[in-house]
Amino acid sequence: MRMQGRIGLITAGGSGMGRAGALRLAAEGAKVAIADVNGDGANSVVAEIKRAGGEALALVGDLRADDFATEIVSKTLDAFGGLDFLWNHLGIPGPAAIEDLDMEAYEQAFDLNLRSGLMTTKAAIPALRESGQSSVLFTASASGVVGSPMSPIYSATKFGQIGLMKSLAKRYGPHNIRFNAIAPGAVDTPMLRVFFARPDSGQTQDNVETTISQRTAGYPLGRIATPDDIAHAALFLLSHEAAFITGTVLLIDGGMNA
């Protein structure tokens with residue numbers, strides 16, 4: 001198996017893309033700690049992994065608290081004895097408006113999309129260095145590669161993630177820690193509906209599915225991504241198969257930005 005004996009920590013692993021990735025990595029032999037603010041989601045994924053014969057740990061809390069970033073790394077080390085990969089998957093859509101920008105929502109978007117990944121990585125660096133051949137993955141976005149008229153704040157946080165990732169790849173390459181990012185386009189998850197139905201986005205819940213269908217029509221591959229599409233890409237970048245890949249952003253957008 002491609003991740004046999006590897007130990008990892010995934011933030012926001014209780015649903016959607018994070019859930020699919022946790023299940024995929026565990027199926028390939030990884031021991032995974034799943035951090036999520038939703039305890040039911042995290043525990044459900046852990047239970048599914050254990051039923052399949054794998055090892056997993058649920059860590060429930062809010063990564064807006066810097067102490068929780070330190071705690072989840074510490075508890076992963078206590079449970080499994082090491083750390084070989086970190087997937088900073090946590091993210092939220094954030095506000096859509098600029099003219100009437102809600103500054104509290106702005107700060108929350110930066111805290112969860114950018115600061116949480118920075119603080120979790122900071123806490124994990126010593127263990128990742130000790131691993132000798134480790135990997136960190138950020139879930140950025142296609143909106144971190146090209147601008148997003150629907151969500152400038154979200155786009156700014158994702159550009160920031162990619163800049164952070166590239167800088168860390170250069171800083172920690174000599175320590176055999178690889179840093180990469182995936183950049184999904186639209187993915188068929190509950191969060192996609194939240195994104196399009198934000199009160200300040202100009203959309204309504206009634207026309208969300210129409211909007212998603214219109215976006216699908218614009219993809220060269222004729223569909224939006226599934227969570228498993230993202231999980232397969234994450235598995236590759238976190239595995240030894242990508243041992244000479246660092247500082248890279250992998251677009252997973254069905255050709256949207258081709």
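Is Glu-71 buried, partly exposed or exposed, and what is its relative accessible area? Select Glu-71 in this predicted model: the residue is partly exposed, with a relative accessible area of 33%.

**Stop 1: helix H3.** Keep Glu-71 selected and add Lys-75. Their side chains form a salt bridge, with an N to O distance of 2.9 Å. Both residues belong to helix H3, which covers residues 66-80. They sit four residues apart, about one turn of the helix. Lys-75 is also partly exposed, at 40% relative accessible area.

**Stop 2: Asp-62 and Arg-64.** Next, select Arg-64 together with Asp-62. The two are joined by a salt bridge whose closest N and O atoms are 2.8 Å apart. Arg-64 has a relative accessibility of 42% and counts as partly exposed. Asp-62 counts as partly exposed as well, at 28%.

**Stop 3: Lys-31 and Glu-55.** Now select Lys-31 in strand E2 (residues 31-36). Its salt-bridge partner is Glu-55, and the closest N and O atoms are 3.9 Å apart. A salt bridge requires the nitrogen to be within 4 Å of the carboxyl oxygen, so a pair at 3.9 Å is counted. Glu-55 is in the loop between helix H2 (39-51) and strand E3 (56-60), so this pair ties together parts that are 24 residues apart in sequence. Lys-31 is partly exposed, with a relative accessible area of 25%. For Glu-55, also partly exposed, the value is 41%.

**Remaining pairs.** How many salt bridges does the structure hold? There are nine, among them Glu-71 with Lys-75, Arg-64 with Asp-62 and Lys-31 with Glu-55.

Methods. Residues are numbered from 1 along each chain as its sequence is written. This is a predicted model: local features need pLDDT of at least 70, side-chain atom pairs count only at pLDDT 80 or more; totals for chains, interfaces and linings use all residues. Side-chain values use heavy atoms; hydrogens and water are left out. Helices (H or I, at least four residues) and strands (E, at least two) are DSSP runs, numbered from the N terminus. Buried means under 20% relative accessible area, exposed over 50%, partly exposed in between (1.4 Å probe, protein chains only).
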